[in-house]
Amino acid sequence: MSHLDPDRIALIALGEPMSLDESRHVEQCDDCTIDLFELRRTVIVGRSTVDMGDLESPPERVWDRIAAEVADLPDPVPTPDERLDADSAAPAAASRDESAPAPTQAPGTGSRSRALTRAMVGLAAGAALVLAIVGVWSFVRPAQVVEVAAATLAAFPDHPDAAGSAVVVEEADGERVVRVELDTEESEGDGYREVWLITADASALVSLGILDGSEGEFAIPDDIDIHQYVLVDVSQEPLDGDPAHSGDSIVRGELDFA
Ligand SMILES: [Zn+2]
């Protein structure tokens with residue numbers, strides 16, 4: 001496996017889990033370990049304070065390696081593939097035909113330093129990415145979800161063991177969603193279950209959709225006033241092609257507004 005991609009290192013530093021291959025590589029690779037360590041510290045400093053003065057200087061040996069790299073500049077600008085090839089370059093060079101012109105430097109050295117250049121560039125790019133992400137996070141707070149109503153759903157006589165609950169939340173974009181849970185030992189049989197909102201006097205109702213399994217989330221249409229449609233109902237529906245309520249309610253409850 002080649003070195004970890006700088007973008008992956010940045011994401012891992014931000015808390016994404018490593019794959020098995022990635023963690024195996026990092027265990028064995030000093031370069032990637034250092035990259036990851038530096039970026040994690042950047043993330044911690046970035047999250048805890050905006051005072052960038054807290055960032056420590058890189059260790060002396062990092063500057064030594066950069067200085068050595070600058071002294072070695074005649075190397076052509078590396079192509080993206082060269083970093084991938086760096087790890088396998090030495091064996092390939094060693095097995096070259098004897099008649100080939102002798103390389104001007106020890107096999108692998110150039111690739112290794114080019115790889116280092118790329119690692120440093122990658123580290124800088126990764127650090128910039130982390131700072132950008134941390135910066136954005138500090139301005140864009142996680143979307144607020146507000147609970148606006150809830151209901152306990154009680155069983156109808158034909159479904160004595162059933163129970164349920166419903167919670168209406170309003171998301172940051174204004175969309176209202178009702179989360180419905182149904183607890184029952186009964187099977188759906190040949191039919192299916194459907195979630196409804198019904199007015200208090202049962203004069204009007206609207207279907208929110210099919211409840212697949214024991215819980216589901218349903219968007220409430222914009223034109224539905226939940227202060228009118230206060231009853232949450234889950235019905236057992238036969239496969240008869242009739243979109244109307246079957247009249248066979250399993251559970252129902254009235255919304256209680258926060
Ligand atoms: Zn590595």
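Val-145 is partly exposed, because its relative accessible area is 45% (buried means under 20%, exposed over 50% and partly exposed in between, with a 1.4 Å probe and protein chains only). The model is predicted: local features need pLDDT of at least 70, side-chain atom pairs count only at pLDDT 80 or more, and totals for chains, interfaces and linings use all residues. Residues are numbered from 1 along each chain as its sequence is written, and side-chain values use heavy atoms, with hydrogens and water left out.

Val-145 lies in the loop between α6 (109-139) and β1. Helices (H or I, at least four residues) and strands (E, at least two) are DSSP runs, numbered from the N terminus. The C-alpha atoms of Val-145 and Glu-171 are 4.6 Å apart, with the two positions 26 residues apart in sequence numbering. Leaving aside residues up to four places away in sequence, Val-145 touches Val-169, Glu-170 and Glu-171 (contact means heavy atoms within 4.5 Å).

The protein chain has six helices and nine strands. Of its 258 residues, 35% are buried. Contacts between residues at least 6 apart in sequence were also analysed; 60% of them join residues at least 24 apart. The chain exposes about 15500 Å², and carbon and sulfur atoms supply 55% of this area. Accessible areas come from the Shrake-Rupley method with a 1.4 Å probe; for residues, only the protein chains shown count as cover.

A zinc ion is coordinated by His-3 (ND1), His-25 (NE2), Cys-29 (SG) and Cys-32 (SG), at 2.0 to 2.3 Å. Donors are N, O and S atoms within 2.8 Å of the metal (3.2 Å for Na, K and Ca); water is not among the atoms, so sites may look incomplete. The arrangement is tetrahedral because the four donor atoms subtend angles of 101 to 124 degrees around the zinc ion. Four donors count as tetrahedral if all angles lie between 85 and 135 degrees. The ideal angle for four tetrahedral donors is 109.5 degrees. In sequence, the donor residues follow the spacing H-x21-H-x3-C-x2-C. His-3 and Cys-32 link distant parts of the chain, 29 residues apart: His-3 is in the segment before α1 (6-13), and Cys-32 is in helix α3 (residues 30-48). Both His-3 and Cys-32 are buried. Cys-32 has a relative accessibility of 1%. Cys-29 is also buried, at 9%. The structure holds zero disulfides (pairs of cysteine sulfur atoms within 2.5 Å).

His-159 sits in the loop between β1 (146-155) and β2 (163-170). Its relative accessibility is 5%, so His-159 counts as buried. The side chains of His-159 and Asp-248 form a polar contact of 2.8 Å. A polar contact is a pair of N or O atoms within 3.5 Å; within protein, one must be able to donate a hydrogen and the other to accept it, and residues adjacent in sequence count only if both atoms are side-chain atoms. Beyond four places in sequence, His-159 touches Glu-186, Asp-248, Ser-249 and Ile-250.

Phe-218 belongs to strand β6 (residues 215-219). Phe-218 is buried, with a relative accessible area of 7%. Val-178 is 40 residues away from Phe-218 in sequence, yet the C-alpha to C-alpha distance is 5.3 Å. Contacts of Phe-218 beyond four places in sequence include Val-178, Val-195 and Leu-208.

Ala-202 occupies the loop between β4 (192-198) and β5 (205-211). Ala-202 is not a glycine, but has a positive phi of about 60 degrees. Most residues other than glycine have a negative phi. Ala-202 counts as exposed, because its relative accessibility is 52%.

Key
Four donors count as tetrahedral if all angles lie between 85 and 135 degrees; four count as square planar and six as octahedral if opposite donors are over 155 degrees apart and all others between 65 and 115; anything else is irregular.
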